[in-house]
Structure formats: structure tokens, C-alpha cells
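Here are a few exercises to work through with the model open in your viewer. Try each task before reading its solution.

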Amino acid sequence: MSASSKTIALYGLALAIAGVCPSEVGSAEQSEEEIVTVVIRERQFQPGETVLHTGQKTKLVLKNQDSELHTFAPLGLFAGESFNISGNGAPEFAAEGLKRVIIPPDGLVEIRFKPAAPGAYRYICDMPGHHMSAMLLVE
Ligand SMILES: [Cu+2]
């Protein structure tokens, strides 16, 4: 193989790689899950504001690091939406969707969903006397 034909072969290989990679990266971005974590510690949701994105596959992770029960009560965020809950929480449902999830001490709950509409959604812990609330901001 001469030096010039080797150069042409390498050039062709570079074109093939360039042609394949951008489309693979693009589709991976669309299907990738956005993972957001809220930690519950000393009767506070941390952070107090969490940003989510409309139409984005999302995994919302709630970690209870306290030695007492807390709940995640989303006040309508999941109304009419499909979602999947895993972990060791105890979900309770109402006609409008997810009412709350009870999260045991050192418990973990994962909620998979796609935020349907932009807005600011408050969620609370509705255990008596806890007075805990925070925001999910869907952009
Ligand atoms: Cu609580």
C-alpha cells in the first residue's frame, strides 16, 4: 500500500465515524433518564427547590436519612399522569393519582415519570407536626 492510498483509507474511516457518532449521541440524549435526588434530613427536604423538565424521562429519588417516618405528598403533580414507584416506600393513591408515599427511616423511594406540563409544584410531608415542604419546578 502506498502512502497516498493509506491516507485515503484513513480519511474514509474518519468520515464513517463522523457520520455515525452524531446521530447516536442525539438519540441517547433523548432517551436518557434525568436523575434528581431529594434528601430528607432533620425534617427538611434538601434542596428546597428541584428543577425538572417537561417531557423528559425523569427518576425522582427520595432518600430519608432521618430515624423517623416521612411522607412525600405531591399535591397534584401526578394527576392524570402515568408513573412508576419503586423502593421501600408505601404509596397511597387517590382518585386524582398519587396521594402520598410513606418513606420509612433510612428509606428510599424512586418515582419514574415524565413531567407533563411546566409549573411550580409544592410537595409536603403530611405527618402531624412536621411542617415540611419544598418545590418541584418543571421548566
Ligand atoms: Cu416528615
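**Exercise 1. Work out the strand order of the five-strand open sheet, and find its edges.**

Solution. Keep in mind that you're looking at a predicted model.
- Start with the order: the five strands of this open sheet line up as 2-1-4-9-6, and their pairing is mixed.
- Next, look for strands that pair on one side only; these are strand 2 (44-46) and strand 6 (83-87), the edge strands.
- For the geometry, neighbouring strands here are turned by 20° against each other on average, ignoring direction.
- Now zoom in on one pair: strand 1 (residues 34-41) runs antiparallel to strand 2, with three bridges between them. One residue pair to click on is Ile 40 and its bridge partner in strand 2, Phe 45.

**Exercise 2. Do likewise for the three-strand open sheet: which strands stand at the edges, and why is one side of each left without a neighbour?**

Solution.
- The order reads 3-11-10, again in an open sheet with mixed pairing.
- Strand 3 (49-52) and strand 10 (119-125) have a single partner strand each, so they stand at the edges with one side lacking a neighbour in the sheet.
- From one strand to the next, the twist averages 25°.
- Strand 3 pairs with strand 11 (residues 132-138) in the parallel sense, over four bridges. To see this on screen, pick Glu 49 and look across to Met 135, its bridge partner in strand 11.

**Exercise 3. Find the residues that touch the most other members of the largest nonpolar core, then say which strand gives the largest share.**

Solution.
- The core has 18 residues, and those touching the most other members are Leu 62, Phe 72, Val 101, Ile 103, Val 109 and Tyr 123.
- Then go by element: at least two core residues come from each of strand 4 (58-64), strand 8 (97-103), strand 9 (108-113), strand 10 and strand 11. Strand 8 takes the largest share, with four.
- Finally, follow one member outwards. Skipping neighbours within four places in sequence, Leu 62 is in contact with Val 38, Ile 40, Phe 72, Ile 103 and Val 109.

**Exercise 4. Sum up the whole protein: how many helices and strands are there, and what percentage of the residues is buried?**

Solution.
- Count the elements: there's one helix, plus 11 strands. Reading from the N terminus, the helix comes ahead of the strands.
- On burial, 19% of the 139 residues are buried.
- As for contacts with a separation of 6 or more, 65% are between residues 24 or more positions apart.

Methods:
Residues numbered from 1 in each chain as written. Predicted model: local features only at pLDDT ≥ 70, side-chain atom pairs only at ≥ 80, totals over all residues. Pairing = 2+ DSSP bridges. Axes fitted to C-alpha atoms, helices over the stretch in contact; angles between N-to-C directions. Core = buried A, V, L, I, M, F, W, Y, C linked by C-beta atoms within 7 Å. Buried ≥ 20, exposed ≤ 12 C-beta atoms within 10 Å, placed from the backbone. Contact = placed C-beta atoms within 7 Å.
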